[in-house]
Amino acid sequence: QVQLVESGGGLVGAGGSLRLSCAASGNIFGINTMGWYRQAPGKQRELVATISRSGSTSYADSVKGRFTISRDNNNNTVYVQMNSLKPSDTAVYYCKAEKRIGGFFDYWGQGTQVTVSS
């Protein structure tokens, strides 16, 4: 099993910044892609950004140019720096880790609330 613990959420005004962190522990061997997803009230969970072990990144169009995902493989931690935050970024943000060795395994964190006030 893999445990993911997110931190860094909170309340910020529009235009502000937050940095989320997600630390992986447990059976971390074989984790490749890690990413951030978010779910706003009444909406489906959606992709925010992903990063492969080699550092390849992808972003949702809604966050391109504002969010930056990064990864520290030595410390098994993934980050997302969120700048120029908008009220529409308000959601619970979840970290996800993927393993594709011996099968398809997805692991999720418990989520951290991000609230952007107007």
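The paragraphs below lead from the overall fold of this predicted model to its core and then to its salt bridges.

The protein contains eleven strands and zero helices, and, read along the sequence, it follows the pattern β-β-β-β-β-β-β-β-β-β-β. Its C-alpha atoms fill a box of roughly 45 × 25 × 20 Å when this is taken along the principal axes. Because a compact globule with 118 residues would have a radius of gyration near 13 Å, the 14 Å of the protein agrees with that expectation. Of the 118 residues, 42% count as buried, while the accessible surface comes to about 6,100 Å², with 49% of that area belonging to carbon and sulfur atoms. Among the contacts with a separation of 6 or more, 53% are accounted for by residues 24 or more positions apart.

Turning to the interior, the largest nonpolar core has 29 residues, and those that touch the most other members are Leu-4, Met-34, Trp-36, Phe-67, Val-78, Met-82 and Tyr-93. Two or more residues of this core come from each of several strands, namely E1 (2-7), E3 (18-26), E4 (31-39), E5 (46-51), E7, E8, E9 and E11 (112-117).

The charged side chains offer another view of the structure. Side chains of opposite charge can pair when their charged atoms come close. A search of the whole structure finds eight salt bridges, one of which joins Asp-61 and Lys-64, whose closest N and O atoms are 3.1 Å apart; both of these residues are exposed.

Another salt bridge is formed by Arg-66 and Asp-89, with the closest N and O atoms 2.7 Å apart. This pair links distant parts of the chain, since Arg-66 lies in the loop between strand E6 (57-59) and strand E7 (67-72), whereas Asp-89 lies in the loop between strand E8 (77-82) and strand E9 (91-99), 23 residues apart. Both Arg-66 and Asp-89 are buried.

A further salt bridge connects Asp-106 with Lys-96, where the closest N and O atoms are 3.6 Å apart. Here too the pair links distant parts of the chain, with Asp-106 in strand E10 (residues 105-108) and Lys-96 in strand E9, ten residues apart. Asp-106 counts as partly exposed because its relative accessibility is 39%, whereas Lys-96, at 11% relative accessibility, counts as buried. Elsewhere, salt bridges that share partners join Arg-38, Glu-46, Arg-66 and Asp-89 into one network.

Note on methods
Residues are numbered from 1 along each chain as its sequence is written. This is a predicted model: local features need pLDDT of at least 70, side-chain atom pairs count only at pLDDT 80 or more; totals for chains, interfaces and linings use all residues. Side-chain values use heavy atoms; hydrogens and water are left out. A salt bridge is a side-chain nitrogen of Lys or Arg within 4 Å of a carboxyl oxygen of Asp or Glu. Buried means under 20% relative accessible area, exposed over 50%, partly exposed in between (1.4 Å probe, protein chains only). Helices (H or I, at least four residues) and strands (E, at least two) are DSSP runs, numbered from the N terminus. A nonpolar core is a set of buried Ala, Val, Leu, Ile, Met, Phe, Trp, Tyr and Cys residues joined through side-chain atoms within 4.5 Å. The radius of gyration is taken over C-alpha atoms; the globule rule is 2.2 Å times the number of residues to the power 0.38. Contact means heavy atoms within 4.5 Å. Accessible areas come from the Shrake-Rupley method with a 1.4 Å probe; for residues, only the protein chains shown count as cover.
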